[in-house]
Amino acid sequence: MSTIRLYLLYGGLVLSLLGAAEYRGWSPLSPTEGKTAPKTVRDNPGAYRPHYRGGAYYFRGK
Amino acid sequence: MTRPQATCPNCGARVEFRWSSAVQTVCPFCHSILVRHDVDLERVGTVADLAPSSSPIQLGTGGRYHQRAFEVVGRIIYEWEQGGWNEWHVVFNDSTSGWLSDAQAEYAVSCLAADSLARPAEANAALGRHFTWQGKDYQVTTVTHARYRGVEGDLPFEYWDKAEVVFVDLKSDDGGCATLDYSEETPLLFLGEFVEFRDLALTNLRQFDGW
Amino acid sequence: MVDALVRSLTCPQCGATLTVRAGDHTVTVVCSHCNSILDAKDPSLKVLQRFAAKQLVPQYIPLGARGRWRGTMWEVIGFQVRTIRVQGIDYSWGEYLLFNPYEGFRYLTQYNGHWNDVIVLKTVPKVYKARATGAKPQAVVLGETFQHFQTATATTTQVVGEFPWTVRVGDKVDVSDYVDPPRILSSESTAGETTWSMGEYVTGDRIWQAYELPGSPPDPIGVYANQPAPYPGSLGRVWQAFAAFLGVLLLAAVWRFGLSPHAVVYEHVYQYVPPATPPSDSEAAAAALVTDTFTLNGRTSALELTTETNLDNSWAYFAFALINDSTGTTYDFGREVAYYDGRDVDGYWSEGSTRDRVLIPSVPSGRYYVRVQPEGPPGGTFRAFTYRLRLRRDVPWGMAYLLAFVLLAVPPAFVLLRSMTFEHTRWQESDYSDTGDDE
């Protein structure tokens with residue numbers, strides 16, 4: 001296939017992917033999707049356990 | 001085109017003119033050069049035997065030049081230090097004359113220019129010089145010292161046994177060509193253009209063994 | 001009547017049989033048995049020159065070979081080698097004389113595996129001197145402009161077969177080449193008379209095909225003067241396409257970033273006071289809170305969550321959970337915010353940011369709320385901070401546009417780089433190379 005045709009196809013693909021990403025709202029974040037949370041979380045947020053062991057990062061700066 | 005006939009004064013053969021306005025022709029049988037005075041022919045010389053030509057064009061070859069059909073009726077053969085070439089005399093449908101030059105299968109069609117166009121003196125027509133005719137610029141590209149080698153068929157003027165002839169060839173920047181012939185007292189000017197073999201649509205060409 | 005163009009001759013020098021193929025066009029014929037150049041127009045075949053044979057360039061196509069080229073049969077009747085000397089080095093190339101009794105003559109030239117199909121021009125090109133320093137002289141013919149490539153003196157060093165002109169080993173002509181790939185315009189001058197010819201680059205494969213030669217053509221070495229560039233014609237069009245793509249990208253970006261509403265669906269300020277000592281898990285969980293519910297409309301799209309804090313030389317960690325109030329689906333993720341600054345010998349410095357922005361991907365419409373569990377270094381009210389949560393719907397993902405730009409730019413950049421490298425190599429062989437002085 002000629003260079004220009006190849007590039008037009010490739011560019012079309014890139015822009016289509018961008019369009020799909022924007023339309024569907026893709027993002028680099030991959031949150032852990034969870035099972036259903038009980039209604040009681042609203043009344044007692046402390047009882048909710050996140051679906052991963054998110055840690056306390058004892059992050060000390062300079 | 002009417003083809004007038006006459007009798008060769010040398011061998012008595014029937015001589016047919018391919019062109020009604022021919023001034024000179026060559027008897028195809030005894031190779032006598034015959035000059036026409038109305039109906040009578042005067043023998044003025046003989047053409048030496050010509051070696052078989054390597055040009056694909058021959059007397060009777062037909063062709064087209066810018067939608068004008070022509071027929072090859074005569075030939076002048078020239079020779080120079082590096083070889084030879086042919087000037088084929090062609091006649092168009094309207095009975096006007098032209099020249100198809102054939103040098104190592106490079107073809108050009110040209111016609112005699114009107115007397116009114118200025119011709120430079122031989123000394124002025126040096127390599128690289130520019131001249132303008134009919135609004136087109138031409139540059140001198142070759143100066144050839146040639147020898148007349150022979151004639152064949154019908155010619156529009158008397159032409160034979162020229163000793164040495166000087167030809168000055170000029171080219172334009174768009175395929176046009178011009179030739180100055182210094183064999184006469186007043187130089188002859190021919191203006192024309194280069195043509196491709198295929199564009200001439202030539203018929204009745206010479207056949208070559210193996211081609 | 002059929003005329004013969006072929007005739008046999010006997011070499012007066014050595015008695016070998018010679019074949020002449022071009023009838024009375026031939027002016028000079030070479031006897032390769034004794035390396036004598038004979039006058040073909042002389043009935044006794046006068047010897048014009050005797051020369052010492054040198055095998056500088058191989059003759060790939062034998063005399064008498066016929067090939068179909070541009071719809072006509074062309075027979076090889078002569079071969080010569082010519083040499084130029086540039087910066088003390090000799091470069092030789094081969095020239096094949098092709099004959100057809102109707103169409104005349106043409107040439108094939110060969111150098112280092114590069115071939116050219118050459119005809120004599122019947123128009124005179126116009127030559128222009130270089131217009132500025134660094135520019136090259138140009139020649140213009142039949143509406144095409146050629147750049148000057150090289151001028152040198154060419155010497156005939158080897159002859160084989162027959163020619164329609166007088167040729168001798170040792171003949172010198174001044175040759176100038178002008179290029180406009182894939183074509184090359186050459187002038188040859190002796191004693192004021194100049195002949196111009198036009199060549200077109202052809203691959204060895206085409207020659208081998210036309211002449212049905214055995215084996216394969218020699219591999220081309222380097223880049224030849226008029227060799228077509230690797231992306232002929234495409235370079236400009238690829239960049240035009242890139243510009244068009246960029247236009248589309250820009251329009252999309254303007255529309256998405258500038259014109260779309262991105263309305264705020266929820267916003268609230270909170271305060272967090274960390275405990276005096278590091279909390280246990282259940283104590284940490286107790287610090288969690290939930291936002292009010294909010295509605296997300298429209299199609300499935302990204303949800304932007306911005307956390308703005310007033311941290312200064314501290315850090316915070318937020319465990320977020322976006323929870324669908326109707327279906328109970330949860331999206332768990334954590335974000336950290338850290339900001340430090342100070343002054344030292346080099347002046348003021350800062351590190352990190354007081355805010356965080358994250359896009360939650362592909363959130364379907366519905367009623368949602370967010371559960372937030374903040375964390376920070378322990379220390380009581382001294383380490384307290386406020387934070388504002390802002391949620392916006394259908395926010396564009398900026399990095400995607402940047403990525404698209406980079407991806408779109410890679411092929412044109414690559415094509416350009418390759419072309420530039422190719423052109424540089426081409427011109428290294430010319431009078432304009434940047435290695436030392438030239439003639």
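**View 1. Confidence along chain B of this predicted model.** Among the elements of chain B, the lowest mean pLDDT, 80, belongs to strand β5 (residues 40-46), and the highest, 94, to strand β6 (residues 62-65). For chain B as a whole, the mean pLDDT is 87, and 97% of its residues reach 70 or more. A friendly reminder for any close-up: where pLDDT is low, the predicted coordinates should not be read in detail.

**View 2. A loop residue of chain B, B:Ala13.** Look for B:Ala13 in the loop between β1 (5-7) and β2 (14-16) of chain B. Is B:Ala13 buried or exposed? The answer lies in between: B:Ala13 has 13 other C-beta atoms within 10 Å, so it counts as partly exposed, since a buried residue needs 20 or more and an exposed one has 12 or fewer. Leaving aside neighbours within four places in sequence, the contacts of B:Ala13 are B:Cys8, B:Cys27 and B:Phe29. For a sense of scale, 43 Å separate the C-alpha atom of B:Ala13 from that of B:Lys171, which is 158 residues apart from B:Ala13 along the chain.

**View 3. Chain A against chain C.** Chain A has 62 residues, of which 21% count as buried, and its secondary structure comes to 1 helix and 1 strand. In the contact between the two chains, 38 residues come from chain A and 54 from chain C. On the chain C side, these are 36 nonpolar, 10 polar and 8 charged residues.

**View 4. Helix α1 of chain A beside helix α2 of chain C.** Here you can follow α1(A), residues 3-24, alongside α2(C), residues 234-259; their axes come within 9 Å and cross at roughly 10 degrees. Angles under 35 degrees count as roughly parallel, and therefore α1(A) is described as roughly parallel to α2(C). The residues in this helix contact divide into 8 nonpolar, 3 polar and 3 charged. From α1(A) they include A:Thr3, A:Tyr7, A:Leu15 and A:Glu22, while α2(C) contributes, among others, C:Ser234, C:Val238, C:Phe245 and C:Arg256.

**View 5. A strand pairing across chains A and C.** Strand β1 of chain A (residues 32-34) and strand β23 of chain C (residues 330-344) run antiparallel and are joined by 3 bridges. To find your bearings, start at A:Gly34, whose bridge partner in β23(C) is C:Thr330.

**View 6. Chain B against chain C.** This contact takes 28 residues from chain B and 24 residues from chain C. Which elements of chain B each supply at least two residues of its side? They are β8 (83-92), β12 (136-153) and β16 (207-208), and the largest share, 3 residues, comes from β12(B). By class, the chain B side has 9 nonpolar, 13 polar and 6 charged residues.

**View 7. A four-stranded open sheet in chain C.** Reading across the sheet, the strand order is β18-β27-β21-β25, with antiparallel pairing. Why is one side of β18 (264-272) and of β25 (355-363) left without a neighbour in the sheet? Both strands stand at the edges, and each has a single partner strand. From one strand to the next, the twist averages 15 degrees. For a closer look at one edge, β21 (residues 301-309) and β25(C) are joined by 7 bridges and run antiparallel; within this pairing, C:Thr307 stands opposite C:Asp356 in β25(C).

Key. Residues numbered from 1 in each chain as written. Chains lettered and ligands numbered in written order. Predicted model: local features only at pLDDT ≥ 70, side-chain atom pairs only at ≥ 80, totals over all residues. pLDDT = per-residue confidence, 0-100. Contact = placed C-beta atoms within 7 Å. Nonpolar A, V, L, I, M, F, W, Y, C, P; charged D, E, K, R; others polar. Pairing = 2+ DSSP bridges. Axes fitted to C-alpha atoms, helices over the stretch in contact; angles between N-to-C directions. Parallel < 35°, antiparallel > 145°, perpendicular 65-115°, else oblique.
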